[in-house]
Amino acid sequence: MSFDRSVKIAPSILSADFADFGREIRAIEDQGADWVHVDVMDGHFVPNLTFGPPAVKAFRRHVTTVMDVHLMISPVDPYIDAYAEAGADILTAHVEAGAHTHRTLQAIRAAGMKAGVALNPGTPAEAVEHLLDLADLVCVMTVNPGFGGQRFIDMTEKVRRLRAMIGDREVHIEIDGGVDTGTARRVVEAGADVLVAGSAVFRGGSVEDASVYGRNIAAIREAAAG
Ligand code: DX5
Ligand code: ZN
């Protein structure tokens, strides 16, 4: 995985047909997705439950781009090796998920993955200030994690601060939650380069009618470019 700051669209398969993940992943990649965003929820850190390592390993067989795994689980450390084994390219843990995010990020890299750190809307940018040398990605949540289809919470100021803190480090800024054609531009202007979008990509389409996904992805990309 090479680093660049061009805008990348990462559809969240949380909005896909759960009975048809293989075809859904292939459809979004055919239709222009840059990364595939996989939302792992444990019913404890967040009030919803999705899938674990065996499912993620099965998704891997269909992903040809980048598998971006967002862990909304606590604790994280006991599962890092399982997600490495499942084939995650990027593994993101929440800074709120435990007391030792520093150690968690080291362990993610030691397991051979890129390390991401996510911030809930109520958590300040400064919470990751001393973690930036250990991170490859900072995920700024623009909804409270747990569900797709929620309304965007403006975190533009946080993104700006993070962008300044990151400086010339090779760290992506990812925005997750409520990204659509109306919100993409302001976060990219503030310094984000990875846009996760669930409902705004899958809305109105299906594997049988996948060109809708393509149009939705293109519309977000165009909006982001201004
Ligand atoms: C929220 C998840 C997001 C979510 C995004 O807990 O982390 O990735 O699926 O979905 P939308 O784009 O519908 O807000
Ligand atoms: Zn996510």
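**View 1. Strand β2 and the shell around ligand 1.** In this predicted model, β2 hands over three residues to the shell around ligand 1, the largest share of that shell. Alongside β2, the elements that chip in two or more residues are β3 and β8. Count up the whole shell and you get 20 residues, with Asp 39, Gly 146, Asp 176, Gly 198 and Ser 199 the closest. Sorted by class, the shell has ten polar residues, eight nonpolar and two charged.

**View 2. Side chains that meet the oxygen atoms of ligand 1.** Zoom in on Asp 39 and you'll find a polar side-chain atom 2.7 Å from an oxygen atom of the ligand. Ser 12 joins in too: an N or O atom in its side chain is 3.1 Å from an oxygen atom of ligand 1. For His 37, the gap between a polar side-chain atom and a ligand oxygen atom is 3.5 Å. How much of the accessible area of ligand 1 does the protein cover? The ligand has 380 Å² on its own, and the protein covers 100% of that.

**View 3. The largest pocket, with ligand 1 in place.** Which space does ligand 1 take? It's the largest pocket, with a volume of about 280 Å³. The lining runs to 27 residues, and the closest to the pocket centre are Phe 147, Gly 148, Gly 149, Gly 177 and Gly 178. Four elements give the lining two or more residues: the strands β2 (36-41), β3 (67-72) and β8 (194-197), plus the helix α7 (199-202). As for the mix of classes, the lining of this pocket has twelve nonpolar residues, eleven polar and four charged.

**View 4. A cis peptide bond at Pro 75.** Now for a look at the backbone. Most peptide bonds are trans. The one from Ser 74 to Pro 75, though, is cis, and its omega is near 0°. Where does Pro 75 sit? Look for Pro 75 in the loop between β3 and α3 (80-86). As for β3 itself, this strand is also among the elements that give two or more residues to the shell around ligand 1.

How values were computed:
Residues numbered from 1 in each chain as written. Chains lettered and ligands numbered in written order. Predicted model: local features only at pLDDT ≥ 70, side-chain atom pairs only at ≥ 80, totals over all residues. Heavy atoms only, no water. 1 Å grid on protein atoms, 1.4 Å probe; cavity = no way out; pocket = protein on both sides within 12 Å on 5 of 7 lines; lining within 4 Å. Points joined across faces, edges and corners; volume = space filled by probe spheres on them. Nonpolar A, V, L, I, M, F, W, Y, C, P; charged D, E, K, R; others polar. Near = heavy atom within 4 Å. Polar contact = N/O pair within 3.5 Å; in protein donor to acceptor, adjacent residues only side chain to side chain. Areas by Shrake-Rupley, 256 points an atom, 1.4 Å probe, with all protein chains shown as cover. Sits in = over half its atoms within 2 Å of the grid points.
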